[in-house]
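Got the viewer open? Let's take a walk through this structure, one selection after another.

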Amino acid sequence: MQVKKIFDPEKITILQFTLQKGNIDAPENFSIDKVAGHHTKNDLQLGFNVEQKLIRADYQVEIKTESEGQNKKEAKGQFHFVYLIKVDNLEELAPLNKNQAAVELHSTLANAVASISYSTSRGILLTRLQGTALQKFILPVIDPMSLLKAEEKPKGGK
């Protein structure tokens, strides 16, 4: 007997992307050459409309330079990206739980949505940060599942 494969990446389509916020604060007399590294804070929130087969992925990142005291103040950036993603078989991969209050998200789909959101944001940031105090920053490679906190259940409705 053959096991039915329910996750198929070709059933995923990015319908829409918006940059909700893109802000860089660079202090006067900031020297990019004195930046030793960067600190990042990531947040990914998912919302679901199972009837319409849609996932909304809200990805936010804060970036701060680390100059080890070489710059008087650090440069900072805040970005908020929103992706609208269609999954043709979302009802199979994110069925509503018994009380219809949340979805039970298939781990492979969760990984795919986190990967798509994070990696696409990396590419956008590479271009947006050129010529700024954060131009040396590249969003690091991480485990995309670390963006989805285990204690938080994805929220959604019909």
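Is asparagine 29 buried or exposed? Select it and look: asparagine 29 is exposed, because its relative accessible area is 73% and anything over 50% counts as exposed. Keep in mind that what you have on screen is a predicted model.

**Stop 1: two loop residues**

While asparagine 29 is selected, see where it sits: in the loop between β1 (12-25) and β2. Its phi is near 65°, a positive value in a residue other than glycine.

Next, select glutamate 68. This one belongs to the loop between β3 and β4, and its phi is positive too, at about 50°, although it is not a glycine. Glutamate 68 counts as exposed because its relative accessible area is 67%, and the cut-off is over 50%.

**Stop 2: a buried charge**

Stay in the loop between β3 and β4 and pick glutamate 74. What is the nearest side chain of opposite charge to it? That would be lysine 64, 6.7 Å away; glutamate 74 is buried yet has no salt bridge.

What does its side chain do instead? Show the side chains of threonine 65 and serine 67. Glutamate 74 makes a polar contact with the side chain of threonine 65 at 2.4 Å, and another with the side chain of serine 67 at 2.9 Å. If you want the surroundings as well, add the residues that glutamate 74 touches, among them Asp25, Pro27, Phe30 and Glu68.

**Stop 3: the nonpolar core**

Nonpolar side chains tend to be buried together in soluble globular proteins. To see the largest nonpolar core here, which has 36 residues, start with Ile55, Tyr59, Val61, Phe81, Val87, Leu109 and Leu125, the members that touch the most others. Now colour the elements that give two or more residues to this core: β2 (37-49), β3 (54-66), β4 (76-87), α1 (90-93) and α2 (107-128). Which element gives the largest share? It is α2, with seven residues.

Zoom in on leucine 125. Leaving aside neighbours within four places in sequence, leucine 125 is in contact with Val61, Phe79, Phe81, Phe137 and Leu139.

**Stop 4: the rings**

Two of those partners make a good last selection: phenylalanine 79 and phenylalanine 81, both buried. There are five aromatic pairs in all. Phenylalanine 79 and phenylalanine 81 form a stacked one, with 6.3 Å centre to centre and 10° between the planes. Finally, add Phe17, Tyr59, Tyr83 and Tyr118 to your selection, and you have one aromatic cluster on screen together with Phe79 and Phe81.

Notes. Residues numbered from 1 in each chain as written. Predicted model: local features only at pLDDT ≥ 70, side-chain atom pairs only at ≥ 80, totals over all residues. Heavy atoms only, no water. Core = buried A, V, L, I, M, F, W, Y, C linked by side-chain atoms within 4.5 Å. Buried < 20%, exposed > 50% of the residue type's maximum accessible area, 1.4 Å probe, protein only. Helix = DSSP H or I, 4+ residues; strand = E, 2+ residues; numbered from the N terminus. Contact = heavy atoms within 4.5 Å. Lys, Arg positive; Asp, Glu negative; His and termini not counted. Salt bridge = Lys/Arg side-chain N within 4 Å of Asp/Glu carboxyl O. Polar contact = N/O pair within 3.5 Å; in protein donor to acceptor, adjacent residues only side chain to side chain. Phe/Tyr/Trp six-rings, centres within 6.5 Å; stacked < 30°, edge-to-face > 60°.
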